[in-house]
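Reader: Could you take me through one part of this model closely, beginning inside and then moving outward? I would enjoy a connected account.

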Amino acid sequence: MLQEAGFKDVFTLLHEPHPMTFPCLGLTDGEYLVEGIDKMMVIDFKPLMASSPLFYIPGSTLSDHYPLCVMLEL
């Protein structure tokens, strides 16, 4: 739906592979399930860099997904 509206994925625009964002391994033993399901979509912005920092606090975390970090040129 977003692509039909003109939005583009920043990792595709940067010619970078999509990072693994799910699951945050601090919350699951399911290491066999590794997916890059989270997207950062933009329209009319130029992405300069994008990454997914892989961190967690043992026994505690904010989400079951790793975050995406994007720097844009406005």
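Author: Happily, and let us begin with Val10: setting aside neighbours within four places in sequence, Val10 is in contact with Met40, Val42, Pro47, Ala50 and Val70, where contact means heavy atoms within 4.5 Å. This is a predicted model, in which local features need pLDDT of at least 70 and side-chain atom pairs count only at pLDDT 80 or more, while totals for chains, interfaces and linings use all residues. Residues are numbered from 1 along each chain as its sequence is written, and side-chain values use heavy atoms, with hydrogens and water left out.

Val10 also belongs to the largest nonpolar core, together with Phe11, Val42, Ala50 and Leu68. Such a core is a set of buried Ala, Val, Leu, Ile, Met, Phe, Trp, Tyr and Cys residues joined through side-chain atoms within 4.5 Å; buried means under 20% relative accessible area, exposed over 50%, and partly exposed in between (1.4 Å probe, protein chains only).

Leu68 leads us on to Ser52, which contacts Leu68 as well as Pro19, Met20, Thr21, Tyr66 and Pro67, again leaving aside neighbours within four places in sequence. Ser52 sits in the loop between E3 and strand E4 (69-73); strands (E, at least two residues) and helices (H or I, at least four) are DSSP runs numbered from the N terminus. Ser52 counts as buried because its relative accessibility is 12%. Its side chain reaches the backbone oxygen of Pro67 at 2.8 Å.

Moving outward, Phe45 lies in the loop between strand E2 (41-42) and strand E3 (46-51). With a relative accessible area of 39%, Phe45 is partly exposed.

Note on methods. A polar contact is a pair of N or O atoms within 3.5 Å; within protein, one must be able to donate a hydrogen and the other to accept it, and residues adjacent in sequence count only if both atoms are side-chain atoms.
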